[in-house]
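Reader: I would like a close look at one part of this model, beginning with the cysteines and going on to the strands and helices around the fold. Please take me through it in connected prose.

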Amino acid sequence: MGARIAIMGTGAVGGYAGAHMAQAGEDVTFIDMWPENVQAMREGGLRITHLRDVPEFVVSDIKALHLTEVQKVSHQKPFDIVFICTKSYDTAWAAMMMRQYLSPGGFMVSLQNCMNEATIAEVVGWGRVLGSIASSITVDLAAPGHVKRASGKGGAAHTVYRVGETHGRITDRLKEVARLLALSDSALVTSNLWGERWSKLVTNAMGNGLCACTGLITRDTLLDDQLRRFGARLGAEAIRVGEALGYVLEEIHHLDPAIIAGAGEGDPEAVAVYDKHRLAEAAKPGGGAHRPSMGQDMVKGRRTEIEFLNGFVVDRGKEVGIATPANAALTRIVQQVERGELQADPKHIKDLRLN
């Protein structure tokens, strides 16, 4: 297509995907609100490193704009594809800002956690929105201008990106977005965007908030019996809400959603399968030795996305009449830690005695 591309929010995921696009010769402009990040990209390029298997590389001479400089685009060709890669709470204003720099046939792609397509559609219309899930990508903006991935590539063993139209049809523009994302790792097009979205939401709901309010990395939450099973309880509630909303769920943590739901609801056979699988994941080299995005936000003193994740499960549960006490409790605890009313500690979860 020779599209002009913008990465709105050059954090971990946006920086990782965008750097590979730029490395391949695509016309990419990186936009971010962190001055030091923009300055580092301008002076030294965007550096990408992996824990294993993949050589380090730097994309130099890239186009990087601070948020306050986006108005310069009015004198240039507009963007054909805008990847929205901000935190969920920044989605509305980010979409509003970029709308005026979108070409007549252009569109936006939500490359974010949570479910933000409707928020973007309120700004640009449903016909100009696609969604993309980055599954188990384990990336971190380690320093200004440096994205670090705590693994190698997913490749054939794990499909990282799933891209879908909100109406479920397979289109040429959908295939093009998948091609662009596949420059950084494996990608597929899906006719089940909403099922994929909710499945990723469940995945994040099971672990992100736990790490944020306990201060632990993923592996440590899995090796602790109480925390691991509380994660299953969180997942079970979210799965039941998704089913009630009519979503066709995909695998979650490489498990059938029914296994996670059963484990969270106390079925002994499901608990045995769930425990065996999750403990095996923790035992893998590098398995779970990563702090998920919400845990990273808490460590960095940033606002978390808890109300768009576990809080969202609670809100949607109310709509369909399904109680979500574990997700409600976790949301409250994360907010208290975020405000400094509590210090991160596993006891906040263990004292709940909900599992």
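Author: In this predicted model, Cys85 has a relative accessible area of 14%, which means that Cys85 counts as buried, the limit being under 20%. The sulfur of Cys85 does not form a bond, because the closest cysteine sulfur, in Cys114, lies 14 Å away, which is too far, whereas a disulfide would need the two sulfur atoms within 2.5 Å. Cys211 is likewise in no disulfide, and the nearest cysteine sulfur to it, belonging to Cys213, is 8.8 Å away. With a relative accessibility of 2%, Cys211 is also classed as buried. When the whole structure is searched, the number of disulfides found is zero.

From the cysteines we can turn to strand E1, which covers residues 4-8 and is mostly covered, with five of its five residues buried. The covering applies to both faces of E1, since Arg4, Ala6 and Met8 on one side are buried, and Ile5 and Ile7 on the other side are buried as well. Strand E1 runs parallel to strand E2 (residues 27-32), and five bridges join the two; within this pairing, Met8 stands opposite Ile31 of E2. Between these two strands the chain passes through helix H1 (residues 12-23), and the resulting β-α-β crossover is right-handed. Strand E1 is also joined to strand E6 (residues 79-84), here by four bridges and again in a parallel arrangement, with Ile5 standing opposite Ile81 of E6.

A further part of the structure is an open sheet of four strands, which follow one another in the order E4-E3-E10-E9 with mixed pairing. At its edges are strand E4 (57-59) and strand E9 (139-143), each of which pairs on one side only. Ignoring direction, neighbouring strands of this sheet are turned against each other by 25° on average. Within the sheet, strand E3 (residues 46-50) and E4 run antiparallel and are joined by three bridges, and the bridge partner of Leu46 in E4 is Val59.

The helices can be described in a similar way. Helix H8 (residues 225-244) packs with helix H12 (residues 310-320) at an angle of about 45°, and their axes are 9 Å apart. An angle between 35 and 65 degrees falls outside the parallel and perpendicular ranges, and H8 and H12 are therefore oblique to each other. The crossing that H8 and H12 make is left-handed.

Note on methods. Residues numbered from 1 in each chain as written. Predicted model: local features only at pLDDT ≥ 70, side-chain atom pairs only at ≥ 80, totals over all residues. Heavy atoms only, no water. Buried < 20%, exposed > 50% of the residue type's maximum accessible area, 1.4 Å probe, protein only. Pairing = 2+ DSSP bridges. Right-handed = clockwise from strand over helix to strand, strands pointing away. Axes fitted to C-alpha atoms, helices over the stretch in contact; angles between N-to-C directions. Parallel < 35°, antiparallel > 145°, perpendicular 65-115°, else oblique. Left-handed = near helix turned anticlockwise from the far one by under 90°.
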